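Here are my notes on the model you sent. They are numbered so that you can go through them with the structure open.

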Amino acid sequence: MNAEKMLPIDLLRKRRSLVAAKIGDPGPTEHELGLIIEAGLRVPDHGRCGPWRVQVISKNGQLALGKLYGELYRRENSDASGEQIEYWLNRPSSAPCLLVITCHINQAKIEKIPASEQHLSVGALCQNILNASHALGYVAQWLTEWPSYHDEVKKILGHSAETEISGFIFIGTATEEPSERKRVSADEVVSFWDG
Ligand SMILES: Cc1cc2nc3c(=O)[nH]c(=O)nc-3n(C[C@H](O)[C@H](O)[C@H](O)COP(=O)(O)O)c2cc1C
């Protein structure tokens with residue numbers, strides 16, 4: 001069913017990721033991306049720490065990032081095939097829209113709001129972005145992969161080596177229907193406690 005016609009509860013129940021390689025054009029318009037980010041920021045944030053940052057990577061940015069990925073992959077994998085290098089070269093431009101979410105722990109508030117809570121807020125922001133994308137009829141995937149942990153990737157994006165990249169979120173239009181994956185059922189994880 002058209003996502004925009006679904007009840008909010010069904011949108012949340014039915015959201016699925018689609019692998020980035022299968023996310024095609026068009027991506028969200030500038031206005032829609034604004035809505036997606038606004039929904040992302042509507043996130044529980046204990047003590048107003050604001051530990052999240054969102055970077056929108058333009059097409060040029062995606063190409064520059066891919067060039068770096070390709071170089072790093074070649075340099076750090078002596079047995080890398082041409083095909084693998086090509087894969088990483090193209091990775092950031094897999095989908096029309098790429099966001100980088102970073103976590104910036106608010107150190108001034110850390111005594112009251114532990115880093116673990118601030119990390120949870122960043123994760124919640126990422127999930128809101130996935131749900132908002134889905135609500136507008138797009139598909140998305142939240143990936144970390146090795147680039148999230150690579151200092152040179154952080155550097156080219158303007159971050160310190162200490163900055164945590166919480167994820168790369170790819171957003172666009174499904175080129176094929178996402179297949180359903182086996183989910184953990186409520187029976188496996190929900191218990192009831194009655195005192
Ligand atoms: C923090 C985080 C990092 C992830 N990184 C990767 C990754 O590097 N590679 C990957 O295949 N899936 C990764 N995933 C999983 C996908 O985002 C996604 O959950 C998976 O494709 C199944 O999609 P769905 O359960 O949303 O339908 C990550 C998920 C999270 C929460």
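**Notes on the fold, the core and the ligand site**

1. I begin with strand 5, residues 164-174. Of its 11 residues, 8 are buried, so strand 5 is largely enclosed by the rest of the structure. Please keep in mind throughout that this is a predicted model.

2. Which strands pair with strand 5? Strand 3, residues 97-103, pairs with strand 5 in the antiparallel sense over 7 bridges. Strand 4, residues 139-143, is joined to strand 5 by 5 bridges, and the two run antiparallel. Strand 1, residues 23-24, also runs antiparallel to strand 5, with 2 bridges between them.

3. Some opposite residues help in tracing these pairings on the screen. Between strand 3 and strand 5, L99 stands opposite I169, and C103 stands opposite E164. For strand 4, look at V139, which stands opposite G172 in strand 5. For strand 1, look at I23, which faces A174 in strand 5.

4. Strand 3 deserves its own point. Of its 7 residues, 6 are buried, and the strand is mostly covered. Besides its pairing with strand 5, strand 3 pairs with strand 2, residues 52-57, in the antiparallel sense over 6 bridges. In that second pairing V56 stands opposite L99 of strand 3. L99 thus has V56 opposite in one pairing and I169 opposite in the other.

5. Next, the nonpolar core. In soluble globular proteins, nonpolar side chains tend to be buried together. The largest nonpolar core in this model has 26 residues, and those with the most contacts inside it are I101, I129, I169 and F170. Two or more residues each come from helix 2 (30-41), strand 3, helix 5 (115-135), strand 4 and strand 5. Helix 5 gives the largest share of this core, with 6 residues.

6. I169 is a useful residue to select. Leaving out residues up to four places away in sequence, I169 touches L99, I101, C126, I129, A140 and W142.

7. Where does the ligand sit? The residues around the ligand are R16, S17, Q141, W142, L143, T144, E145, G167 and R181. Strand 4 supplies the largest share of this shell, 3 residues. By class, the shell is made up of 2 nonpolar, 4 polar and 3 charged residues. W142 appears both in this shell and among the residues that I169 touches.

8. For contrast, look at P8. Its place is in helix 1, residues 8-14. Is P8 buried or exposed? P8 is exposed, because 9 other C-beta atoms lie within 10 Å, and a residue counts as exposed at 12 or fewer. P8 and N131 are 123 residues apart along the chain, yet their C-alpha atoms are separated by 9.9 Å.

9. Last, the chain as a whole. The protein chain has 7 helices and 5 strands, and along the sequence they follow the pattern α-β-α-β-α-α-β-α-β-α-β-α. The radius of gyration is 18 Å, close to the 16 Å that the globule rule gives for 195 residues, so the chain is as compact as a globular protein of that length. Along its principal axes the C-alpha trace spans about 60 × 45 × 35 Å.

10. Two percentages complete the picture. Of the 195 residues of the protein chain, 26% count as buried. Among contacts between residues at least 6 apart in sequence, 81% join residues at least 24 apart.

How values were computed: Residues numbered from 1 in each chain as written. Predicted model: local features only at pLDDT ≥ 70, side-chain atom pairs only at ≥ 80, totals over all residues. Helix = DSSP H or I, 4+ residues; strand = E, 2+ residues; numbered from the N terminus. Buried ≥ 20, exposed ≤ 12 C-beta atoms within 10 Å, placed from the backbone. Pairing = 2+ DSSP bridges. Near = placed C-beta within 6 Å. Nonpolar A, V, L, I, M, F, W, Y, C, P; charged D, E, K, R; others polar. Rg over C-alpha atoms; globule rule 2.2 N^0.38 Å. Contact = placed C-beta atoms within 7 Å. Core = buried A, V, L, I, M, F, W, Y, C linked by C-beta atoms within 7 Å.
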